[in-house]
Amino acid sequence: MSNRPGAWRLRPSIVSLFLVMVLPVFTVSMWMGYSSLDRMARSTAEQAVERSRIETIGHTEALVDPIASLVRVTARLASDQPDYFRRPQALPTMLEVLGHSATISSVYVGFADGTYRMALRVPSGLKVHGQVPPERTLFANRLVERGAKGTLETYTFLDSAGQPLGNSSASTTYDPRVRPWYKDAVEKKALVISNPYIYATTGLPGVTVAMPFSSGGEVKGVVAIDILLDSLSKFLKNRQVSPNSISLIVDRDGQVVAASDAAQVLKRDVTGALSRKRINELDNPLPALAFGQRGAKAQNQFDFEHNGRDYVAIFSPFPPEFGKAWDVVIVSPIEDFLGEASENNRKLLMAGLVAIALQVMVIYALSLRIARPLELLEQQVQEVRNFESGGGEPVRSRIREVAALAQSVTTLQGAIAAFSAFVPRELVRQLIGTGHKLELGGRSRFLTVMFTDLENFSTWTEVTPAQELLARVSTYFDIVTRATIKEQGTLDKFIGDGVMAFWGAPALLEDHAYHACVAALRIQREMAQINAEWSKEGKPSLRVRIGIHSDAVLVGNMGSPDRMSYTVMGDGVNIAARLEGTNKEFGTRICISHSVFREAGEKLWIRQIGVVTVKGRRQDLQVYELMGLKEGGDPDLVASPETVQLCEMTNRAYASYEDGDIAQARQRFQAICEAFPGDSLALTMLHKCMEKDDEIVVV
């Protein structure tokens, strides 16, 4: 036991150290909590505002983009059949487009000769030619035709099933060619989105998406769809950043397109006519104040103060590809994000102080139970250091670690006589007797790694006798081992029913990726032969799945100083293992990565599987199925003409799939299924094509 001057005693030291360590940390933490509360609230507000901005732009694009796609498809149909929409048979198509979304109020086509056909929803209270439409009217077909006696406008009223309920005709001066949507689309010769305006039929704001169609190099007319914008206001209301926040969409002139308070979008003038409000005409002055602060601060996101309250504001323009110069405007009070945080901080302070007081008492009580056994152990350790056999009383403690330490010291005391002559340095001299220092380590090298695994092995083991299981798995291991060695690979380890091997180390191998692929094909060929023999004996086949990847990995002595293994590790090893598992998804046998294809693809027959997401990686991976060798390789492994045909057909089908031509891809994968019944990859891709088809709205 040490008697050095100034040495601390254990019992008070434990308590003192606890207080020294905890109190400053607790004090600083509470101070930082209080001082950073405002910053945290501002940060939370800014993040919430940013999320709302992204969601608002995304929702608006999600509202307009599908309808823009419908306009494009309809314009393409009109270009292919210029007179299609002149005929009554076009009405079902237009009604189908109208039914695509409740936000579509009307679909119409204006022709270069002034003819005009529209399919529209008939709102409640609408009068046509001064008369109320027939009962049960939900839709109408409006046709404007020009003739020698003038221009005639005919409404055909339709029920929910599209069946006629009646007609109304009258002369009209309506000419689609002078309308802004028609002139703008023809002038720009592309899809256009109009500025928001008030629909005369509903009194609600909306926009028109229009696109010209041509035939023989001449514009024949314009296809257009009207979209109601009231859903944007509902979205802003349902996605408010905070209880007292204000969310707007405004155009370049400062006019409101949509607002979280829908009543703030429109106004009536002295004549009763509806028009859109400007940002400075809103009942709440905060958006206008923020608009003024924006110019002074020269920022799109900033804080400002009004009437003693702090606010966060953001002005974010829509992306240029949207086609309209709109801004998302969000203003929210900072205090909405403080909530109960301040009160919680006070409660946390009191709870922390009480907890520290209780901990001090507990620590002191524990120190009493710890100190005495440790004092006795310290005395016994001194005896061990002097190679003395102690004869004192045994040390007992309820603390597991102290009790274990006491038992160890007792054991040392009992064995000190036997080990007093033992010098561990002799063993060290034996280990380093060769003159070479043994150490862990490795270096990075570009290698090819292969993983194999048995399909449904767990299920198979449950119904197979142990001796048969051992014999058959040993046969499989022998096939993999011989194929690996024959192709100059290094067999790393057996992992359950799997095998890990790599090429390119320790000896350098120039075509390591190709050799790994040859080994994989050899394994599958020999497994096919042995499975045929087992089938004759009435035994189930063993199906092997293989994954191969080339990458820079760490290779060398891994493990511990007492036990080392020459192996590889790194992300590339994980990818190879994941590729083996990818076979299960596509029903394939050998999956290789793009890096393997890049290294040895010119010597291999492969077919593209596609881009897959590998678990544990952010980036997707291009994957291929290895089918055989090209001419010049091992004759036993050269792909047959049927296999070559399958590869070519699959690659053409996948090219169509990758180009987005899902219909053609589906036809080509269907052809593969017919030519090669049971091909799992083709069946999987055909299913994916069908899923893609389900996502497309056919007009």
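In the predicted model, the structure contains 18 aromatic pairs. One of these joins Tyr108 and Tyr116, whose rings are tilted with respect to each other, at 5.7 Å centre to centre and with 45° between the planes. Tyr108 is buried, its relative accessible area being 2%, and Tyr116 is likewise buried, with a value of 1%. A further tilted pair is made by Phe457 and Trp460, for which the centres lie 6.1 Å apart and the planes enclose an angle of 50°. Because Phe457 and Trp460 are three residues apart in helix H9 (residues 457-463), about one helical turn separates them; both Phe457 and Trp460 are buried.

Tyr108 and Tyr116 also belong to one aromatic cluster, which is formed together with Tyr174, Trp181 and Tyr182. Tyr174 has a charged group over its ring as well, in that the charged end of Arg142 sits 4.6 Å from the ring centre. An arrangement of this kind is found at Phe111, where Arg86 lies over the face of the ring at 4.2 Å from its centre.

Strand S19 (residues 498-503) is mostly covered, with six of its six residues buried. This covering applies to both faces of S19, since Gly498, Met500 and Phe502 are buried on one side, and Val499, Ala501 and Trp503 are buried on the other. Strand S17 (residues 441-454) runs antiparallel to S19 and is joined to it by five bridges, with Met450 having Ala501 of S19 as its bridge partner. Strand S18 (residues 490-495) is also antiparallel to S19, again through five bridges, and Thr490 stands opposite Phe502 in S19. In the hairpin of S18 and S19, two residues lie between the strands, and Gly496 adopts a positive phi near 65°.

The second largest pocket encloses about 490 Å³ of space. Its lining comprises 21 residues, among which Leu521, Gln524, Arg525, Ala528 and Arg589 lie nearest the pocket centre. Helix H11 (512-536) and strand S24 (621-629) are the elements that give two or more residues to this lining, and H11 gives the most, with six residues. By residue class, the lining of the second largest pocket divides into eleven nonpolar, five polar and five charged residues.

Technical notes:
Residues are numbered from 1 along each chain as its sequence is written. This is a predicted model: local features need pLDDT of at least 70, side-chain atom pairs count only at pLDDT 80 or more; totals for chains, interfaces and linings use all residues. Side-chain values use heavy atoms; hydrogens and water are left out. Rings of Phe, Tyr and Trp (its six-membered ring) pair if their centres lie within 6.5 Å; planes under 30 degrees apart count as stacked, over 60 as edge-to-face and the rest as tilted. Buried means under 20% relative accessible area, exposed over 50%, partly exposed in between (1.4 Å probe, protein chains only). Helices (H or I, at least four residues) and strands (E, at least two) are DSSP runs, numbered from the N terminus. A charge sits over a ring if NZ of Lys or CZ of Arg is within 6 Å of the ring centre and within 35 degrees of the ring normal. On a 1 Å grid over the protein atoms alone, a cavity is a set of points where a 1.4 Å probe fits but cannot get out, and a pocket is an open set with protein on both sides within 12 Å along at least five of seven lines; lining residues have an atom within 4 Å of a point. Grid points are joined across faces, edges and corners, and a volume is the space filled by probe spheres set on the points. Ala, Val, Leu, Ile, Met, Phe, Trp, Tyr, Cys and Pro count as nonpolar, Asp, Glu, Lys and Arg as charged, and the others, Gly among them, as polar. Two strands pair if DSSP finds at least two bridges between them.
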